[in-house]
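Good morning, everyone, and thank you for making time for this. I would like to walk you slowly through one model, and I will ask you to keep it in view while I talk.

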Amino acid sequence: MSNPTGTEQFRAKLRGELIEPDGEKYEIARKVYNGMIDRHPRMVVRCADVADVISAVNFGRENRLVIAVRGGGHNAAGLGVWDDALVIDLSPICYTHIDPEAQTVRVGGGCTLGELDHSTHAFGLAVPTGVLSTTGIGGLALGGGLGHLTRKCGLTIDNLLAADVVLADGRAVIANQRRNEDLFWALRGGGGNFGVVTSFLFKAHPIHTDYAGPMLWELDRASEVMRWYHDFIVQAPDDLNGFFAFLVVPPGPHFPEQFHNRKMCGVVWCYAGPLDSAEEAFRPIRRSLKPDVDLAGLIPHPAVQSMFDPLYPPGLQWYWKADFFNELSDDAIEVHIQYARQIPTNLSTMHMYPVNGVASRVSKAETAWGYRDATWAGVIAGIDPDPGKKEVLAKWATNYWEALHSYSAGGAYVNFMMDEGEDRVKATYRDSYDRLAAIKSKYDPDNLFHINQNIKPR
Ligand SMILES: Cc1cc2nc3c(=O)[nH]c(=O)nc-3n(C[C@H](O)[C@H](O)[C@H](O)COP(=O)(O)OP(=O)(O)OC[C@H]3O[C@@H](n4cnc5c(N)ncnc54)[C@H](O)[C@@H]3O)c2cc1C
């Protein structure tokens, strides 16, 4: 494989590092979070700053290289790395700057959620993001951002005030409500299609300590729990979030021993309202449906955000299938329970994240996110450390998804999708797709940024 033209000049210009297949850091640089992804990029450029990103975009475009952009490298489909591509790795661009008076935070495009939470917590603030702290803010925010604060503060994109973006032609621009408004609209849900975001400016919320944690019930009670949860969560106070899960109980000291390695169902709660009202918020839950395991209590917000980190370190095998859901019919509940009984490995799981509360009250036209009217974003994840289990994980997730899909709302949350083709991307953006395609034509007419849930230029 010959080197693209100007490689040495490109290397010399960088503040960051250019890593090639013969370099000793290559094996680490090509790895992403999902151990199932085994791709060999042509080069990885670890960008130290915006100037490096501009050089990398120009170098890739001029040499007609496939460009993959990597934020936290968490994407299940492995969209942060591609065979024979130039990978623009943003992980060194990680900084935060907090304005405590304005309650805003600027965060570098390569930060993880944990890095963001660590900084904001010192100011008693939090930005709504996702539930695993090693996830990148880049991919998560551009796809939407669902997590423990969705019902109280909306999606991550509902809290985005501005973004600095390097476009396909190498120009660096600001997108917000007044400048490049069309780009700003598209960035809020449209993924990495429109450019490389080198920094995000978010609104932060005064949240320091939550009342949070999982409650679990025996699988025999799953039908009763799901029916109750279906009615409860849509009318719960905005301060209270709870995602539903099927899981295998980890054999850890927090869980009573008699439940270790047992398949159970549960809700992972996060109440982020006034703490003196927390017990009251949980009273109807504990009264209606006494849990078999109840671990909800006071906990600092960053600890909630990283609660699952030890269970899910980088390098595991992940196979995901996803859909949005409007409701949980009795027939759908039966399908869920059938596949919950067949969970193939101890880490495999199914989650249903609520899209209600504040997130459902943001108007559909406000952002590119297509499913404000859904009640849940569901994801089925087959997970295990053993690469030999790949087929088993994929088979369980696919069969479960196929059995459930007819009860779904149609599309899926882009950040929970694998590489599933254009029709699925269109089903996900619905009415927003045509406008996104027009904006793509304006900012990236040659589809330079296509290693993503791709929106094709018109
Ligand atoms: C274990 C796990 C837990 C998760 N939990 C949640 C959750 O709670 N809530 C939720 O909403 N999602 C969740 N996700 C999904 C997550 O949002 C996506 O996987 C997301 O793509 C991760 O972003 P990343 O930057 O780490 O990914 P990467 O793999 O680095 O990138 C993913 C995509 O985003 C693009 N991209 C990334 N950064 C930038 C940038 N700065 N500028 C332009 N394009 C960029 C990339 O080009 C690529 O197409 C989870 C994923 C995993 C694996």
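What you see here is a predicted model, and I will talk about two regions of it in turn.

Let us begin with an open sheet of 5 strands, in which the order is β5-β6-β9-β7-β8 and the pairing is antiparallel. At the edges of this sheet you find β5, residues 96-99, and β8, residues 172-176, each of which pairs on one side only. If we ignore direction, neighbouring strands of this sheet are turned by 15° against each other on average.

Looking now towards the β8 edge, strand β7, which covers residues 160-166, runs antiparallel to β8 and is joined to it by 5 bridges; as one example, V166 has A172 in β8 as its bridge partner. Towards β5, helix α4, made of residues 113-121, lies across β5 and β6, and this helix runs at about 35° to β5.

The second region is strand β17, residues 376-384, and here I would ask: how many of its residues are buried? The answer is 9 of the 9, so β17 is largely enclosed by the rest of the structure. W376, G378, I380, G382 and D384 point one way from the strand, while A377, V379, A381 and I383 point the other way, and all of them are buried.

As for its partners, β17 pairs with strand β15, residues 317-325, in the antiparallel sense over 9 bridges, and F325 stands opposite W376. Strand β16, residues 349-354, also runs antiparallel to β17, with 6 bridges joining them, and there M352 has G378 as its bridge partner.

How values were computed. Residues numbered from 1 in each chain as written. Predicted model: local features only at pLDDT ≥ 70, side-chain atom pairs only at ≥ 80, totals over all residues. Heavy atoms only, no water. Pairing = 2+ DSSP bridges. Helix = DSSP H or I, 4+ residues; strand = E, 2+ residues; numbered from the N terminus. Axes fitted to C-alpha atoms, helices over the stretch in contact; angles between N-to-C directions. Contact = heavy atoms within 4.5 Å. Buried < 20%, exposed > 50% of the residue type's maximum accessible area, 1.4 Å probe, protein only.
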